[in-house]
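This report goes through one protein structure, starting with its strands and ending with a few single residues. Keep the sequence and the structure in view while reading.

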Amino acid sequence: MRELITKLEETGNLNQTEWIALINGRTPKLAEFLFERARAVRHQYYGHDVYIRGLIEFTNYCRNDCYYCGIRCSNASVARYRLTEDEILDCCQTGYRLGFRTFVLQGGEDAWFTDKRMAVLIRAIKTRFPDCALTLSIGEKFRESYKLFHDTGADRYLLRHETYNANHYRMLHPASLSAIRRQKCLFALQETGYQVGSGFMVGSPGQTAEYLAEDMLFLKQLNPHMVGIGPFIPHHATPFAMEKAGTLELTLFMLGLLRLMLPKTLLPSTTALATIHPEGRKMGILAGANVVMPNLSPQENRKNYSLYDNKRCMGDEAAEGLAILTQEMEEIGYHIVTTRGDSLVTIQDHNQELNLKDFTGGNENV
Ligand code: SAM
């Protein structure tokens, strides 16, 4: 198996059979070898820097009904909230004082935030904080909306593909949502000029090594600026309440593989990883991750942005706990930096024609 890791590091590519063999053949010893190589590659491109993003969960209203997600529309037990423009700007101000130079606006697909309202909000943030990058994570939109937000000042967009395989996607989502539409959104975002982030949950119900192999092949083709992965964690008020959570071990292994496959991509050590293990955040960094996204939302709203049970949002997971996080990173030899932290992936790294080749089928227009 070591030879597959070496091949991945040298070429950035494995075929489907090799991916499956590597994922199924993993052992603690192999993982140690992988993480050592992933750290070497990470140090080559990003040194020992850890980039920070201030996460503002600005609405938990959502029109979608994803089977895994605690804020799905049919969960009537959630106390719904949406932040006002002033509240969002206050979050940014607090974050700015703490040293954040990237804000991530994340929310459910909330129809109250029309394109017009989003554009006003984006402009207000970018006018007040022109030296900061603004990332949106607000789901599937039409191409024109993506363009409007980008023209108004949004720099980056996070949209996990969740799972590449159409059958698996169908197991995780109602019929109104489809894998192909999600993927088309990602290509539309790239074409619009965003720095794009994608990703998937590890250990989601029904996931197999074959599906993970497809995720890796898809991400290689997409070549995103960022890849967010974290373990699936059940939420008590969803159809997947009784399903098992994804493991720390497999999530870390996939992080290491992603670093070798896409050396220049930004890889967050996610809150979900920190939720399933108290040291998860640090272990993610030691597996090749180089970004953390502390929570900047108003404290009283955090408990209601409950995507899964026991989500961590205080201490080192909170923007106000940045000093603790800084200390934790120092303990393992890494340093939080307060720059915008742009990805080293450039537009020249993309070959849109190649990317789009396989994605012209289907009738789900974006
Ligand atoms: N609505 C936007 C979207 O669709 O991209 C952003 C919000 S969505 C809640 C953010 C991410 O949360 C999803 O992409 C999904 O991977 C993750 N998520 C949702 N429920 C989860 C769960 N039970 N366990 C782990 N991650 C979860």
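Two strands pair if DSSP finds at least two bridges between them. The model described here is predicted.

## A three-stranded sheet

β1 and β9 meet that condition, since three bridges join them in the parallel sense. One of these contacts can be located by residue: D49 has H335 of β9 as its bridge partner. The two strands belong to an open sheet of three strands, ordered β8-β1-β9, with parallel pairing. At the edges are β8 (291-292) and β9 (335-337), each of which pairs on one side only. In general, strands of a sheet pair through backbone hydrogen bonds, either parallel or antiparallel.

## Helix α3

Does the span of α3 agree or disagree with its number of residues? Helix α3 covers residues 28-46, which makes 19 residues. The expected span is 1.5 Å times one less than the number of residues. For α3 this gives 27 Å, and the end C-alpha atoms are 26 Å apart, so the two values agree.

Several residues of α3 are buried, among them L30, A31, F33, L34 and F35. Further along the helix, A38, V41, R42 and Y46 are buried too. The buried residues of α3 pack against the helices α1 (2-11), α2 (16-24), α10 (248-261) and α12 (280-286), and against the strand β1 (49-52). An α-helix has 3.6 residues a turn, so residues three or four places apart point the same way. Just after α3 comes G47, with a positive phi of about 55°.

## Strands β5, β6 and β7

Strand β6 (195-202) is mostly covered, with eight of its eight residues buried. β6 pairs with β5 and with β7. β5 and β6 run parallel and are joined by three bridges, and Y157 has V196 of β6 as its bridge partner. The pairing of β6 with β7 is also parallel, over six bridges; here G199 has G228 of β7 as its partner.

## Cavities and a pocket

How many cavities of 30 Å³ or more does a search of the whole structure find? The search finds three. The two largest cavities and the largest pocket are set side by side below.

| Space | Volume | Lining residues | Classes in the lining |
|---|---|---|---|
| Largest cavity | about 950 Å³ | 46 residues | 22 nonpolar, 14 polar, ten charged |
| Second largest cavity | about 90 Å³ | 13 residues | seven nonpolar, four polar, two charged |
| Largest pocket | about 330 Å³ | 15 residues | four nonpolar, four polar, seven charged |

In the largest cavity, the lining residues closest to the centre are Q106, R160, E162, Y305 and L307. The elements that give two or more residues to this lining are β2 (54-59), β3 (102-107), β6, β7 (226-231) and α11 (271-276). Among the elements, β7 gives the largest share, four residues.

For the second largest cavity, the residues closest to the centre are R53, T135, R156, L158 and M226. Both β5 (156-158) and β6 supply at least two residues of its lining. β6 thus appears in the linings of the largest cavity and the second largest cavity.

In the largest pocket, R63, E109, E140, K141 and F142 lie nearest the centre.

## Single residues

Most residues other than glycine have a negative phi, and most peptide bonds are trans. E162 has a positive phi near 70° and is not a glycine. The residue sits in the loop between β5 and α7 (166-172). Is E162 buried or exposed? Buried means under 20% relative accessible area, and E162 is buried because its value is 9%.

N223 is not a glycine either, and its phi is positive at about 50°. N223 lies in the loop between α9 (209-222) and β7. With a relative accessible area of 15%, N223 is buried.

R82 is found in the loop between β2 and α4 (85-98). At 29% relative accessibility, R82 counts as partly exposed. Leaving out residues up to four places away in sequence, R82 touches F58, T59, Y61, E87, D110, W112 and F113. R82 and A38, a residue of α3, are 44 residues apart in sequence, and their C-alpha atoms are 39 Å apart in space.

Technical notes. Residues numbered from 1 in each chain as written. Predicted model: local features only at pLDDT ≥ 70, side-chain atom pairs only at ≥ 80, totals over all residues. Heavy atoms only, no water. Buried < 20%, exposed > 50% of the residue type's maximum accessible area, 1.4 Å probe, protein only. Contact = heavy atoms within 4.5 Å. 1 Å grid on protein atoms, 1.4 Å probe; cavity = no way out; pocket = protein on both sides within 12 Å on 5 of 7 lines; lining within 4 Å. Points joined across faces, edges and corners; volume = space filled by probe spheres on them. Nonpolar A, V, L, I, M, F, W, Y, C, P; charged D, E, K, R; others polar.
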